[in-house]
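Please open the structure in a viewer and keep the selection panel at hand. The tour proceeds from the whole chain to its parts.

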Amino acid sequence: MSEPRVLRIAMNGITGRMGYRQHLLRSILPIRDQGGITLADGSTVTVEPILIGRNEAKIKELAAKHDVEHHSTDLDAVINDPSVDIVFDASMTSLRHATLSTAIGAGKHIFTEKPTAETLEEAVDLARQARAAGITAGVVHDKLYLPGLIKLRRLVQEGFFGRILSLRGEFGYWVFEGDQQPAQRPSWNYRLADGGSMTTDMYCHWNYVLESIIGTVKTVTSKTATHIPQRWDEHGEAYTADADDAAYGIFDLETPEGDQVIGQINSSWAVRVYRDELVEFQVDGTHGSAVAGLNQCVAQQRAHTPKPVWNPDLPVTESFRDQWSEVPANADLDNGFKAQWEEFLADVVAGREHRFGLLSAARGVQLAELGLRSAAERRTLDIPELTL
Ligand SMILES: NC(=O)c1ccc[n+]([C@@H]2O[C@H](COP(=O)([O-])OP(=O)(O)OC[C@H]3O[C@@H](n4cnc5c(N)ncnc54)[C@H](O)[C@@H]3O)[C@@H](O)[C@H]2O)c1
């Protein structure tokens with residue numbers, strides 16, 4: 001049997017929340033430890049991570065802990081190392097355009113966290129650079145690989161809903177201010193100067209979710225808020241939180257069949273959860289409805305729809321939640337980040353485009369930018385079609 005091909009991956013931002021937990025621990029190390037992935041032609045490709053970080057001691061300790069042979073504090077040197085195939089970036093958003101431009105310039109394939117840039121101009125610039133360089137570029141679209149959304153998408157594809165009328169999303173949870181209890185998210189998320197903003201962070205996700213499940217996002221109407229104006233950082237220091245920590249958005253959507261759908265998504269880090277999951281989407285159609293979270297998806301058909309009668313004088317007599325049926329996975333669904341990594345690695349070997357690339361990411365940045373503008377100008381904005 002021939003030796004597996006080894007893809008060397010420069011991993012930047014690996015000490016951060018996403019880089020460490022989702023990409024290193026849940027994706028690349030398991031892919032390495034399972035002996036790589038088997039491609040369609042029966043051959044195997046495996047991975048060799050190179051951990052990159054600013055703090056030598058920290059990165060060395062991480063490498064030793066996870067039995068990773070290579071690590072470095074010199075990002076540029078690793079990017080320019082001819083034996084490196086892929087550059088992965090999960091560092092702060094504000095640093096991304098520079099890192100990815102250098103990587104594309106060095107002819108590397110790239111896999112990156114979202115958003116790909118802080119401005120639409122930079123996001124489009126990256127997509128153009130990647131196309132000109134002919135590399136394979138992948139952008140994390142993790143929500144689409146979650147079991148709940150996979151099931152929801154299947155229902156749409158099977159025509160379960162009839163004509164889709166609306167989608168409502170509820171995302172968020174309480175992020176502690178950091179004074180009494182430490183915050184569970186990084187402080188830069190709440191500072192505009194450091195690239196923080198709920199809209200910047202989440203609208204790029206909502207764009208690909210809406211686009212892949214319902215259809216094209218045609219307009220955005222958004223209202224943002226900074227509900228908590230003061231927070232405490234990782235060192236216990238008080239700072240002014242000037243970035244929006246909540247975004248209330250309404251979107252006009254168009255399905256591939258030309259139907260018009262109303263989308264509405266609330267995103268907030270100042271909300272307490274009374275839901276089954278941290279994000280939930282409800283889709284209502286003429287023939288059925290479904291509610292999907294990260295894992296679960298329940299549905300109710302037209303024929304099973306009860307007929308509630310409004311009567312505030314009586315207590316509720318039925319359990320509405322019990323009237324929905326669980327949608328089965330009917331498959332073994334792996335961690336979403338790992339599943340997308342595996343697909344991306346196969347695309348790199350095949351020399352083809354990844355289905356979620358930099359143009360799709362740029363549309364996400366566009367939605368965030370127009371969402372912020374809509375909020376600032378207090379009006380509905382059309383979303384122009386993006387081309388390269
Ligand atoms: N896909 C998702 O669901 C998801 C969720 C959260 C965050 N993200 C994205 O992932 C990225 C990282 O977010 P996070 O929450 O892990 O942040 P984090 O603050 O936990 O990690 C940031 C990383 O960047 C490094 N870093 C910070 N400042 C730096 C500097 N000046 N120079 C070089 N490196 C620096 C840190 O050491 C760390 O490794 C962001 O772009 C964010 O938008 C994606």
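The stops below begin with the complete protein and then turn to its domains.

**Whole protein.** Select every residue and display the cartoon; the model is a predicted one. The cartoon shows nine helices and 18 strands. The radius of gyration is 22 Å, and the globule rule gives 21 Å for 388 residues, so the protein is as compact as a globular protein of that length. Aligned along the principal axes, the C-alpha atoms occupy a box of roughly 70 × 55 × 40 Å.

**Domain 1.** Next, select residues 5-142 together with 336-355, which form domain 1.

**Domain 2.** Then select residues 143-334 together with 367-377 in a second colour; these form domain 2. How far apart do the C-alpha centres of the two domains lie? The distance between the centres of domain 1 and domain 2 is 28 Å. Where the domains meet, 19 residues of domain 1 and 18 residues of domain 2 take part in the contact.

**Interior.** Return to the full selection and colour by accessibility. Of the 388 residues in the protein, 50% are buried. Among contacts with a separation of 6 or more, 70% join residues 24 or more positions apart.

**Surface and charge.** Now display the molecular surface. The protein exposes about 18800 Å², with carbon and sulfur atoms supplying 49% of that area. Finally, select the charged side chains: the protein has 38 positive and 54 negative charges, and the mean positions of the two sets are 2 Å apart.

Conventions
Residues are numbered from 1 along each chain as its sequence is written. This is a predicted model: local features need pLDDT of at least 70, side-chain atom pairs count only at pLDDT 80 or more; totals for chains, interfaces and linings use all residues. Side-chain values use heavy atoms; hydrogens and water are left out. Helices (H or I, at least four residues) and strands (E, at least two) are DSSP runs, numbered from the N terminus. The radius of gyration is taken over C-alpha atoms; the globule rule is 2.2 Å times the number of residues to the power 0.38. Buried means under 20% relative accessible area, exposed over 50%, partly exposed in between (1.4 Å probe, protein chains only). Contact means heavy atoms within 4.5 Å. Accessible areas come from the Shrake-Rupley method with a 1.4 Å probe; for residues, only the protein chains shown count as cover. Lys and Arg count as positive and Asp and Glu as negative; His and the chain ends are not counted. The place of a charge is taken as NZ of Lys, CZ of Arg, CG of Asp or CD of Glu. Domain bounds come from an automatic or database domain assignment.
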